[in-house]
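Biologist: Could you take me through the empty spaces inside this protein, and the rings and charges around them? Please go slowly, as I'm new to this.

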Amino acid sequence: MKKREYLSVALHAARQMISGTKPGLRRTLQVGVLCLPVGLTGLPSLGLAAVSEDAGRRVALVIGNQDYQHVEPLENPLNDTKEISRILREADFEVTIGTNLNKKELEGVVRRFLRELNDGDTALFYYSGHALQVGDANFILPVDAKLSSQYDLEFESLKVSHLLDYMKAASSLQILMLDACRDNPFEIASLFWGEQEYSLGKTRGLRRIPNKLGSFISYATRPGQVAYDGEGPMSPFTTSVVNNALDPTLEIKDLMTRVRDEVVRKTGGQQIPYEDSTLVTSFYFVPPKPEPIVTAHHRVSIPVGDDAVALNIPAPVQPEGGSLRATLTLSPEKGELRLPDGKAVAEGESLGAEELASLEFVPTGSASGDVELIGYQVEDEWGGSASAIASITIVQAETEVAAPEPEENRQELLTATLNWLSNAAQKGAVEADIGVGPQAIYPDAPVNGLPATSDWLKVVSVDSDLQLSSDGRLLQAGDRFPVSALTSLTVRPQIGSETEARRFELELPAQSAQAPETITQIVQPRVAQCDQLATQPFDLQAVTEGRLANELDPAAVDKACEEAMTAYPAVGRFVFQRGRGAFAAGDLERAISYFEQAYQMGHVRAGQVLGRMYYLGAGIDRDRKKAVELYRKGAERGDAYALHSLGMAEIKGEGTDQDEKAGLEKLLQSVEAGHTFSFNAIGNFYLRGTHVEENTDRAVYYFNRSASREDIYGYLNMGTLYRDGKGIPKDYEAALGWFKKAHDGGHPAAGTAIGLLYFNGQGVDKDETEAIRWFRESAARGDAWGAYNTAFMLGKQTGDAAGRDRVKMLAQAVAVDPSSPAAEKGRDGLKDATGTLKAKVLQQTLTDLGFEPGPVDGQPGRKTREALSEFFNTSGRSTVQGDEALIAVVKYQWEQNRPRYDLF
């Protein structure tokens, strides 16, 4: 090809590389720099262009359970987990690791994993350890699993299909890898899951999991068959996965074909790995590499003569490391190319990146005004390539030779920036909040004026719990990025990493003849104060485990979360948690506002809490269908609170069609997640024989499990068992102790339980005055039976004041929980009460609220009707008549005392 023709083609290709780049996948940066030679005019001035596109984070959960406490330990899971985690990190996965987990730790690590997921992510779950096939489902087992009771499965396992469903709701592609296909090591003959009892025997391996669209499930061996530990440090299955996953030519289905071939040969055909795919797209563990970065057109002027002159061609760079070779595709028509040692270089020869940068040119035979061209193609070890040219303009010896690179003061700017960077790293740790997205480390770096790709920083190391990125490209050890991109360098600490400082190391560009300097930047991950004070337990969009409702300090929460909302206005979690503080303070109007705002921002738990408020009619008109809609959205994501609320609604047929089987399954999912509300709900079902067959032993089992997690509802239920002698010997002293623990924790009904002991003289002296005191306290907390029992006691008294007080307590019994048996009795009591008494209570309550119903005389007239109408308009409540109006007004007044609705 002729020189001028080649130049035209090369310029066109360079222009296409710059202006027509294709959006890259994760860890892809496409850059081109074109420097035009002197004398070439009429062409547009082209500069740096960078395109980076986040195709969704890769998030993995890796669990290895080896040291089982009650059955034979396994040999390989810890080694399997270590190596799989290493491979996944090299494949750009953010890895959550759990090893030798007990049940509570298993719940926590699964929550942490689900919290890392976002829509669009690839989610992977790898498990090595004991698992069990029960019925048509597979269960993974924590190291403290005993399975000594038929009822243990619900509390000592994780159903794999549930985890897959949660992954599917939060990600677009799911991968499960199960190296857990072993014989059942437990002696128990059968286990219950819900109402169904399953016979076990010596079950072998795992069952095939029903697979929905977009998932890939691989098993160490065929369903119903046993996988082997092998003789090496890892199992045969995991060994083969580790050895082949990073082959960039292997799509995941091809990878598993190779794994199957190797495992079959290693085990003599006894173990045959199996996979089940519903993927509609290809997946490679090795992400696509960016193409090498080159200066698309380097220009240089050299004088006429016979001396060798350095061309100073910028060395090509592969941002993710690896070796580079440059092949000379066009040599000058005149003169000679050579290396500094005098060796001549001819067209077609291959050079290393540094050799290319050291090339010299001897312009023998060239005249002033000649332009000689060099063409070369750079290839990396992964097959990526980029073409570039260098143009050499020959000038008279007395003519001032243009500098190879025209950037003024580049070296001074670079030195100043690198000194600034060294000083910044020496100042100590940079704090980075967890769960707020990538955060800039050096936003004030003085990079203005630095060329885009002339100088590069190299990542020497980065801690595994710290995600380092530049311009949206994930960086790992060996990767490079331009010094000019320092302001775009971000960190994203992983959830759970706040316990200790993390670090990354950068190698700086060499200065003069000095060896490259390395700096170490310390990063201290931090949980925001709002998260520390107000995270709700089991919130899958939280970053820490959180606090129960009775543990909140509303004023402190409001202050901390206001600051967090100001710092991170796009994070819905902080808005939700500020709503929790308002809810705990009883400020329902503000709480609803914050919850609605957080839900619109995508915070799932905010929807569940709003649903609960619609269900209760807490500060908002009751709408149980609306509540169920909100519950369903949270349940799909695996939110334990939403699963519990939806399960209860389905069991009772409230706001949806009754479906006891579906409802119980959702409660079991909530139990599996560790949510004690469901422990107590199912325990009560078994105690009373409602919705399930009565089973007192199983009720005791559920309540014990709840109390062991320090749950106030478990405390109350254990007290009830001791009081009534159900399933355990009657013991009033023990009952009182449990009730007081529940009361001290804020349980609304604990005072009612204590009051009944005083009323009946059980374990304490009979004392009706003390009984009514406890009943009133529970009524104030929102317990319907506390309100009704107070009304019952007042019914024994005479006089107008006692009568009015009784009517108000009857109305409150209905107001706080309209569907309860206590509310039903309250309605009956209101029907029997005189109209005069009810009118007096209505008038007095309206007066106390600041309305003007006229005299409290029991004769409602125009003023009372106008005051009632004003109340409905002001409060936003739906207009009702008769007893319902009295109930609405009493409820509103009770809510002004800011009851702890969040404890219901």
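Modeller: Here is a walk through the cavities, followed by the aromatic rings. A quick heads-up: this is a predicted model, where local features need pLDDT of at least 70 and side-chain atom pairs count only at pLDDT 80 or more, while totals for chains, interfaces and linings use all residues. Residues are numbered from 1 along each chain as its sequence is written, and side-chain values use heavy atoms, with hydrogens and water left out.

Rolling a probe the size of a water molecule over the atoms shows where empty space is left. Here a cavity is a set of points, on a 1 Å grid over the protein atoms alone, where a 1.4 Å probe fits but cannot get out. Points are joined across faces, edges and corners, and a volume is the space filled by probe spheres set on them. The search gives 4 cavities of 30 Å³ or more.

The largest cavity holds about 180 Å³ of space. It has 18 lining residues (those with an atom within 4 Å of a point), and the closest to its centre are E107, V110, Y166, E672 and A673. Two or more residues each come from α3 (103-116), α4 (160-170) and α16 (660-672); these helices are DSSP runs of H or I, at least four residues long, numbered from the N terminus. The largest share, 6 residues, belongs to α3. By type, the lining has 10 nonpolar, 4 polar and 4 charged residues, with Ala, Val, Leu, Ile, Met, Phe, Trp, Tyr, Cys and Pro counted as nonpolar, Asp, Glu, Lys and Arg as charged, and the others, Gly among them, as polar.

Next, the second largest cavity has about 70 Å³ of space. Its lining includes Y166, D539, R605 and R637, and α4 and α13 (604-616) each give two or more residues. That lining splits into 6 nonpolar, 1 polar and 4 charged residues.

R605 has another role in this picture: its charged end sits over the ring of Y641, 4.0 Å from the centre. That label needs CZ of Arg or NZ of Lys within 6 Å of the ring centre and within 35 degrees of the ring normal. K766 is placed over the ring of F759 in this way, at 4.7 Å from the centre.

Finally, the whole structure has 25 aromatic pairs, meaning Phe, Tyr or Trp rings (the six-membered one for Trp) with centres within 6.5 Å; planes under 30 degrees apart are stacked, over 60 edge-to-face and the rest tilted. The F283 and F285 rings have centres 5.2 Å apart and planes at 85 degrees, so they pair edge-to-face.

Note on methods. On a 1 Å grid over the protein atoms alone, a cavity is a set of points where a 1.4 Å probe fits but cannot get out, and a pocket is an open set with protein on both sides within 12 Å along at least five of seven lines; lining residues have an atom within 4 Å of a point.
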